[in-house]
Amino acid sequence: MRFSTRTRYGLRFLLRLAAQPKDSLLQLGQVAREENISSGYLEQIVRALKPLGILRAVRGSGGGYALAKDPSEINMEDVFLHLEGEIAPVRCLTKGRCCQREQQCSTRGFWKELDGHIRGFLQQHTLREIIESEKHSASGGNYVEL
């Protein structure tokens, strides 16, 4: 299973926002240049994240984006769902998209269990935990770039 660049870039964008001093704003153009992401694509990511209520936007010169919530309140399942649209490993687990073999499918239980593990993992993690994990990895010399 692979998550899209939209989710990977979205997570990097959120980490960048979290790294900013509390009252500072980050401009999309700056993030786009530094992260080598097209500005248009980053704008799409921001639009997908807005309904979560985790971003604060300030318009005009000197404007930009900041986190509207503490990183400990930003749940990864919510982020992934808003960026991916759906995270089920197979289509038949998505409401209203199952095939005619649903009742006799020999693999449905396996896929449901896998889906439960993925969702459970994401539900248990927040943006704060990712930040702390990266700090720990960086201090041990094993920094992994997101």
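Here are some exercises with worked solutions on the predicted model shown above.

**Exercise 1. The overall layout**

Find how many helices and strands the protein chain has, and in which pattern they follow one another.

*Solution.*
- Step 1: Count the elements. The protein chain has 6 helices and 2 strands.
- Step 2: Walk along the sequence. The pattern reads α-α-α-β-β-α-α-α.
- Step 3: Look at burial. The protein chain has 146 residues, and 36% of them count as buried.
- Step 4: Look at contacts with a separation of 6 or more. Residues 24 or more positions apart account for 63% of these contacts.

**Exercise 2. The largest nonpolar core**

Work out which helices and strands each supply at least two residues of the largest nonpolar core, and which gives the most.

*Solution.*
- Step 1: Start with the core itself. It has 32 residues, and those with the most contacts inside it are Phe13, Leu14, Leu49, Leu55, Met76, Val79 and Leu127.
- Step 2: Find the contributors. At least two core residues come from each of H1 (5-19), H2 (28-35), H3 (39-49), strand S2 (64-67), H4 (76-84), H5 (108-123) and H6 (127-139).
- Step 3: Pick out the top contributor. H1 gives the most, with 6 residues.
- Step 4: Zoom in on one core residue. Setting aside neighbours within four places in sequence, Leu14 touches Leu49, Ile54, Leu55, Leu67, Val79 and Leu127.

**Exercise 3. H1 against H4**

Decide how H1 and H4 are oriented, and list the residues that make their contact.

*Solution.*
- Step 1: Take the geometry. The two axes come within 9 Å and cross at roughly 130°.
- Step 2: Classify the angle. Angles from 65 to 115 degrees count as roughly perpendicular and those over 145 as roughly antiparallel, so this crossing makes H1 oblique to H4.
- Step 3: Give the handedness. The crossing of H1 and H4 is right-handed.
- Step 4: List the residues. H1 brings Arg6, Thr7, Gly10, Leu11 and Leu14, while H4 brings Met76, Val79, Phe80, His82, Leu83 and Glu84.
- Step 5: Sort them by class. The contact of H1 with H4 has 6 nonpolar, 3 polar and 2 charged residues.

**Exercise 4. Two more helix pairs**

Describe how H3 packs with H4 and how H1 packs with H2, and sort the residues of each contact by class.

*Solution.*
- Step 1: Begin with H3 and H4. Their axes come within 9 Å and cross at roughly 125°, so the two helices are oblique to each other. The crossing of H3 and H4 is right-handed.
- Step 2: Name the partners. Ile45, Ala48 and Leu49 in H3 meet Val79, His82 and Leu83 in H4. This contact has 5 nonpolar, 1 polar and no charged residues.
- Step 3: Turn to H1 and H2. Their axes are 11 Å apart, at an angle of about 120°, so H1 and H2 are oblique to each other as well. The crossing of H1 and H2 is right-handed.
- Step 4: Name these partners too. Arg12, Phe13 and Arg16 in H1 meet Leu28, Gln30, Val31, Glu34 and Glu35 in H2. By class, this contact has 3 nonpolar, 1 polar and 4 charged residues.

**Exercise 5. A look at Asp115**

Is Asp115 buried or exposed, and which residues does Asp115 contact beyond its neighbours within four places in sequence?

*Solution.*
- Step 1: Locate the residue. Asp115 lies in helix H5.
- Step 2: Apply the cut-off. Buried means under 20% relative accessible area, and Asp115 has 11%, so Asp115 counts as buried.
- Step 3: Find the contacts. Asp115 touches Ile87, Ala88, Pro89 and Leu93, leaving aside neighbours within four places in sequence.
- Step 4: Compare sequence with space. Asp115 and Pro89 are 26 residues apart in sequence, with their C-alpha atoms 6.3 Å apart.

Key:
Residues are numbered from 1 along each chain as its sequence is written. This is a predicted model: local features need pLDDT of at least 70, side-chain atom pairs count only at pLDDT 80 or more; totals for chains, interfaces and linings use all residues. Side-chain values use heavy atoms; hydrogens and water are left out. A nonpolar core is a set of buried Ala, Val, Leu, Ile, Met, Phe, Trp, Tyr and Cys residues joined through side-chain atoms within 4.5 Å. Buried means under 20% relative accessible area, exposed over 50%, partly exposed in between (1.4 Å probe, protein chains only). Helices (H or I, at least four residues) and strands (E, at least two) are DSSP runs, numbered from the N terminus. Contact means heavy atoms within 4.5 Å. Axes are lines fitted to C-alpha atoms, for helices over the stretch in contact, and angles run from 0 to 180 degrees between N-to-C directions. Angles under 35 degrees count as roughly parallel, over 145 as roughly antiparallel, 65 to 115 as roughly perpendicular and the rest as oblique. A crossing is left-handed if the near helix is turned anticlockwise from the far one by less than a right angle, and right-handed if clockwise. Ala, Val, Leu, Ile, Met, Phe, Trp, Tyr, Cys and Pro count as nonpolar, Asp, Glu, Lys and Arg as charged, and the others, Gly among them, as polar.
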